[in-house]
There are 2 protein chains.
Amino acid sequence: MANERLTRQTVAECALRLADSEGLEAVTIRRLAQELGVSPMAPYWHFKNKDELLLGMTDHALAPLPPIGEATDGWQRQLRGMIETVIGIMREHPSLAALLQNIDAKKAASFARATNDTLELLARAGLGLQESYWVAMQLLQGITGLIATRPEHHASVTPEQAAESRRQARLTMEALSPCEYPMVVAYARTLEEEPDPERYYAFGVDLIMGGIEAIAARYGTASP
Amino acid sequence: MANERLTRQTVAECALRLADSEGLEAVTIRRLAQELGVSPMAPYWHFKNKDELLLGMTDHALAPLPPIGEATDGWQRQLRGMIETVIGIMREHPSLAALLQNIDAKKAASFARATNDTLELLARAGLGLQESYWVAMQLLQGITGLIATRPEHHASVTPEQAAESRRQARLTMEALSPCEYPMVVAYARTLEEEPDPERYYAFGVDLIMGGIEAIAARYGTASP
DNA sequence: ACCTGAACACCGTTCAAGT
DNA sequence: ACCTGAACACCGTTCAAGT
């Protein structure tokens, strides 16, 4: 719209907004340029290729993630807080999960920072470096999976879109043979009623934290 | 090569082999046709579009997954066995993880079967239908993440390729500022020596199972 | 420094046509 | 029933050129 000069910031921001509202597959260099009211090649001055752009979008989304605070709490509480914050950011940016799966995440500075903080917490849990890294990656995958399976699926902002995608999921599963897949068909029926997102996310966090605490008790050397 | 008649089977098989050896992004309708020695439009007779092809590839890869056996063991042992089997299949088919992230998995019959079996096991663990489904999806995501982060990264078949991709990962992380990201840089150095894949996967399975057992103890109604 | 325009080598997919 | 060929509307990216 505005005919201002472009910035790395504004380009990344616009691309992220586009991804959040229409899905990551809508983010095309040409479509982005159109959205910015600029020629198709303009974005290339700010990002040398599409991968760099995706990294920029990720950094822009993850920027508000606060650094890990002082060690006043136990590592469990701090880690749980961090997980909840990331979930919050992913709920604000529905495309972030897909983004993290389509880039080499360790090349994003904001992601490296989050990883570093997580490694620090897990060291306090008594885990070794390798184990900590493996746990940190599983952690991210867990959060991503939580978002991907979420009841308010897709880049759907409006309740109507959310209800529609839930209906689609239900129809897909109900189309299956009830004698071959009885449990799946039974689950599909639970999708008829509106889900409670908060209950869903709380359960997900418990699931992720449960795995980490079990592994810390087994492989770690620190006291709880 | 051979000028035989095409089959849905052979097309899916060829596409999967291509994906496993050169990555999912190499699987293009046109490239696939070339590989089959056939005109670019030929695959369309067997799969109505690319999404259907990806589903077919997934079903082909997941076909050898055995159905859940009789309930002679406890649900924990059976579930652990299933996870290990899926990991085995994913290690044989390096593209399967990416495949599952790029399709609507519930539309793949083989995936629905695996989901159904998992739901049955989790019901025996005393979890409700919704909770079971959430756990099942987290389970898959966890396995997928395990494969994605694995030491023998990428579609690398040869040890040289594996060593090279590990080296690339190390260089990316070592390029980071050591005072800003001390833990990440420290972890990068552990990548210098050859990893032990079995130790890695065993740890991963413990991590995933730990979460499930913790949640079963907390939300379930069955005795262990 | 920042952006445009034309061009290249790719995509997925439709549709009419061949055997 | 199974496959081909031409055509369409897209991609990402390079490169020379404009201001």
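Leaving aside its neighbours within four places in sequence, which residues is B:Gln78 in contact with? In this predicted model, the list runs B:Ile68, B:Gly69, B:Glu70, B:Ala71, B:Asp73, B:Leu121 and B:Arg124. One of these partners deserves a second look: the side chains of B:Gln78 and B:Arg124 make a polar contact at 2.8 Å. As for its surroundings, B:Gln78 counts as buried because its relative accessibility is 11%, and the cut-off for buried is under 20%.

Let's step back to the helix that carries this residue. B:Gln78 belongs to helix H5 of chain B, which covers residues 75–92. You can check the geometry of this helix with simple arithmetic: at 1.5 Å a residue, the 18 residues of H5(B) should span 26 Å, and the end C-alpha atoms are indeed 26 Å apart, so the two values agree.

B:Gln78 has buried company along H5(B): B:Trp75, B:Leu79, B:Met82, B:Ile83, B:Val86, B:Ile87, B:Ile89 and B:Met90 are buried as well. What do the buried residues of H5(B) pack against? Their partners are five stretches of chain B, namely helix H4 (50–62), helix H6 (96–102), helix H7 (109–124), helix H8 (129–148) and helix H11 (197–219).

Now let's move over to the DNA. In chain A, an unreviewed UniProt entry places the feature "DNA-binding region" at residues 28–47. That span is 60% helix and 0% strand, and its end C-alpha atoms lie 13 Å apart.

Around DNA strand C there are 16 residues, of which A:Ser39, A:Trp45, A:His46, B:Arg30 and B:Tyr44 come nearest. Of the strand's atoms that come within 4 Å of the protein, 54% are accounted for by sugar and phosphate. Sorted by class, the surface near DNA strand C has eight nonpolar, four polar and four charged residues.

A few individual atom pairs fill in the picture. On the chain A side, a polar side-chain atom of A:His46 lies 2.6 Å from a phosphate oxygen of DNA strand C. From chain B, B:Thr28 places a polar side-chain atom 3.3 Å from a sugar or linking oxygen of the strand, while B:Lys50 has a polar backbone atom 2.9 Å from a phosphate oxygen of DNA strand C. The elements that give two or more residues to the surface near this strand are helix H3 (43–46) of chain A and helix H2 (29–36) of chain B.

Terms used. Residues are numbered from 1 along each chain as its sequence is written. Chains are lettered from A and ligands numbered from 1 in the order in which they are written. This is a predicted model: local features need pLDDT of at least 70, side-chain atom pairs count only at pLDDT 80 or more; totals for chains, interfaces and linings use all residues. Side-chain values use heavy atoms; hydrogens and water are left out. Helices (H or I, at least four residues) and strands (E, at least two) are DSSP runs, numbered from the N terminus. Buried means under 20% relative accessible area, exposed over 50%, partly exposed in between (1.4 Å probe, protein chains only). A polar contact is a pair of N or O atoms within 3.5 Å; within protein, one must be able to donate a hydrogen and the other to accept it, and residues adjacent in sequence count only if both atoms are side-chain atoms. Contact means heavy atoms within 4.5 Å. UniProt positions are given in the numbering used here, feature names are shortened, and annotations may be inferred rather than shown by experiment. The expected span of a helix is 1.5 Å times one less than its number of residues. A residue is near a molecule or strand if one of its heavy atoms lies within 4 Å of it. Ala, Val, Leu, Ile, Met, Phe, Trp, Tyr, Cys and Pro count as nonpolar, Asp, Glu, Lys and Arg as charged, and the others, Gly among them, as polar.
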